[in-house]
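Work through the exercises below with the model open. Try each task before reading its solution.

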Amino acid sequence: MNDLDAYREKARAWLESVAPTFGKQAREGMSEDEDLATARAYQRAKFDAGFAGINWDPEFGGQGLTPLHKVIFEQEEMTFAMPNGYYGVSLGISVPVVMRFAQDREWARERVIAALKGEEIWCQLFSEPSGGSDLAGIRTKAEPDGNGWKLNGQKLWTTWAQRSDYGVIIARNDPNLPKHKGLTFFWVDMHAPGVTVRPFRLAAGDSHVNEVFFDDVKLTDGQRFSPVGEGFKTAMATLMIERYTASDPAGFGPPLDHFVELARECEMGGRPAIEDGRIRSIIARTYAMRSGLEAITTRAMRMMEAGMEPGPEGSLNKLVSVRSRQKLSELAIDLMGSLGLAWDQDAWLKEDWVASWLSAPTMRIAGGADEMLLNTIAEKILGLPQDHRPDKGIPFNQIPA
Ligand SMILES: Cc1cc2nc3c(=O)[nH]c(=O)nc-3n(C[C@H](O)[C@H](O)[C@H](O)COP(=O)(O)OP(=O)(O)OC[C@H]3O[C@@H](n4cnc5c(N)ncnc54)[C@H](O)[C@@H]3O)c2cc1C
């Protein structure tokens with residue numbers, strides 16, 4: 001057994017040992033406050049067991065292992081329905097930025113360790129009503145104010161802002177420059193005067209996303225992460241820091257085996273649905289497609305093992321797997337007939353077809369909308385010409401709204 005296989009076994013054994021305390025069954029019927037308290041205890045247990053910050057610098061509380069070890073742990077963790085959602089953005093996106101770009105290194109060390117222990121949560125304040133796919137379209141303003149800055153504007157879609165202590169934020173410091181310039185990157189205290197967080201409900205019933213308003217929020221210059229006007233470049237660099245994460249060919253929905261089981265139980269025209277040629281063909285096609293995605297993931301992991309960089313083909317994963325999850329969930333609901341109308345808001349996406357179908361559209365947008373992934377595939381894999389960019393080089397305040 002090589003080192004990585006041994007690590008996988010160790011991770012699985014640990015996860016099995018804590019699943020009765022933190023897994024889905026243990027959390028059934030909990031309020032969000034209770035669930036978050038359990039999630040904090042789970043994150044602390046991970047830290048104590050050496051499974052937090054797996055590929056991070058030991059000086060910042062990490063384990064100093066490779067990104068591959070981290071992906072292996074995530075692949076195992078995914079099958080246990082652990083309460084790790086509260087920390088997805090915090091530890092996956094925002095805290096690595098603090099670790100890399102914070103000016104005060106001792107403060108950064110304290111924040112990173114507190115986040116790894118589950119004591120503090122960070123959000124990512126990038127998207128706005130006027131800037132999502134086109135991040136450089138944002139309008140939130142950071143104006144010089146004495147020795148620091150004053151923040152005004154609105155963010156949208158901020159995951160777990162209502163539970164966050166801090167956020168990383170990008171704001172426009174100079175509207176006279178072209179849109180990719182004139183942006184600066186900061187951190188913000190989510191409890192500072194002038195910060196208002198308003199959760200809103202998604203179709204699947206959960207309210208983990210928010211609108212966040214900033215009214216004359218004061219920032220010190222020490223809260224700046226990027227050189228003035230170079231926030232876009234820094235933001236792009238941050239997206240590359242934690243780029244290796246576990247993918248799931250089922251798009252984080254129910255596995256194909258569950259569909260096969262359902263097709264055995266449900267009837268079509270008085271016969272088990274599994275006997276219908278069209279259903280069998282969909283099963284075969286989904287199997288082939290998911291096997292292809294698995295092959296891409298295996299290839300990427302082998303490349304990482306050999307010290308190489310996986311290519312842009314990883315962008316196929318979310319695009320193809322989430323679309324497939326949405327289609328298969330819809331078909332499963334149809335097969336279930338009137339039972340397909342029953343819906344349990346707390347159901348686990350990997351077990352429940354209705355919950356999986358209802359939340360699939362948001363997954364096709366979050367973390368890069370389908371069309372943006374198609375653009376990446378067109379430009380980076382197929383080598384097609386770049387998308388037309390009519391606002392390139394034009395001062396931001398002269399671009400028609
Ligand atoms: C559940 C969820 C959680 C999120 N969490 C966060 C978070 O924590 N922090 C954060 O900052 N953001 C977050 N987001 C926001 C997310 O990053 C944006 O929704 C996403 O980038 C799309 O931006 P938009 O909503 O402004 O849509 P738009 O960019 O306006 O896109 C609308 C449609 O137009 C298409 N489109 C846009 N540009 C092009 C183009 N050039 N070519 C072809 N088609 C195009 C898009 O694909 C899409 O279908 C979250 C979103 C969701 C759904």
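Helices are DSSP runs of H or I with at least four residues, strands are E runs with at least two, and both are numbered from the N terminus. The model is predicted.

**Exercise 1. A helix and its end**

Task: Compare the span of H9 with the expected one, then find which residues of H9 are buried.

Solution:
- Start with length. H9 covers residues 277–305, 29 residues in total.
- Next, take the span. The distance from the first C-alpha of H9 to the last is 42 Å, close to the 42 Å expected at 1.5 Å a residue.
- Now list the buried positions. In H9 they are Ile279, Thr286, Arg290, Leu293, Thr297 and Ala300.
- Look for their partners. The buried residues of H9 pack against helix H8 (256–265) and helix H10 (315–336).
- Finish at the end of the helix. Gly307 follows H9 and has a positive phi, near 80 degrees.

**Exercise 2. Two positive phi values**

Task: For Ala81 and Trp157, give the location and decide whether each is buried or partly exposed.

Solution:
- Recall the background. Most residues other than glycine have a negative phi.
- Take Ala81. Its phi is positive, near 50 degrees. Ala81 sits in the loop between helix H4 (67–77) and H5.
- Count neighbours. Ala81 has 18 other C-beta atoms within 10 Å, so it is partly exposed.
- Take Trp157. Its phi is also positive, near 75 degrees. The loop between E3 and E4 holds Trp157.
- Count again. Trp157 has 20 C-beta neighbours inside 10 Å, and therefore counts as buried.

**Exercise 3. Domains and the core**

Task: Where does the largest nonpolar core lie with respect to domain 1 and domain 2?

Solution:
- Divide the chain. The parts are domain 1 (3–120), domain 2 (123–241) and domain 3 (256–381).
- Take the separation. The C-alpha centres of domain 1 and domain 2 are 25 Å apart.
- Size the contact. Domain 1 puts in 14 residues and domain 2 puts in 16 residues.
- Find the main contributor. H5 supplies eight residues, the largest share of the side of domain 1 that touches domain 2.
- Classify that side. It has nine nonpolar, two polar and three charged residues.
- Turn to the core. The largest nonpolar core has 56 residues, and Leu151, Ile170, Phe186 and Val188 have the most contacts inside it.
- Check the helix. H5 (residues 88–101) gives the most to this core, with seven residues.
- Conclude. Domain 1 and domain 2 both give residues to this core, so it lies between them.
- Note the remainder. Another core, of 17 residues, lies apart from it, with Ile279, Leu328, Leu335 and Leu358 among its members.

**Exercise 4. The ligand shell**

Task: How many residues surround the ligand, and which are closest?

Solution:
- Count first. The ligand has 22 residues around it; Phe126, Gly132, Ser133, Ala369 and Glu371 are the closest.
- Sort by class. The shell has ten nonpolar, eight polar and four charged residues.
- Sort by element. Strand E1 (122–125) and helix H12 (370–381) each supply at least two residues. H12 gives the most, with four.
- Sort by domain. Domain 2 and domain 3 each provide at least three residues of the shell.

**Exercise 5. One loop residue**

Task: What does Gln162 touch, leaving out residues up to four places away in sequence?

Solution:
- Locate Gln162. It lies in the loop between strand E3 (148–156) and strand E4 (166–172).
- Judge exposure. Gln162 has 17 C-beta neighbours inside 10 Å, so it counts as partly exposed.
- List contacts. Gln162 touches Val197, Pro199 and Asn210.

How values were computed. Residues are numbered from 1 along each chain as its sequence is written. This is a predicted model: local features need pLDDT of at least 70, side-chain atom pairs count only at pLDDT 80 or more; totals for chains, interfaces and linings use all residues. A nonpolar core is a set of buried Ala, Val, Leu, Ile, Met, Phe, Trp, Tyr and Cys residues joined through C-beta atoms within 7 Å. A residue is buried if 20 or more other C-beta atoms lie within 10 Å of its own, exposed if 12 or fewer, and partly exposed in between; C-beta atoms are placed from the backbone. Domain bounds come from an automatic or database domain assignment. A residue is near a molecule or strand if its C-beta atom, placed from the backbone, lies within 6 Å of it. Ala, Val, Leu, Ile, Met, Phe, Trp, Tyr, Cys and Pro count as nonpolar, Asp, Glu, Lys and Arg as charged, and the others, Gly among them, as polar. Two residues are in contact if their C-beta atoms, placed from the backbone, lie within 7 Å. The expected span of a helix is 1.5 Å times one less than its number of residues.
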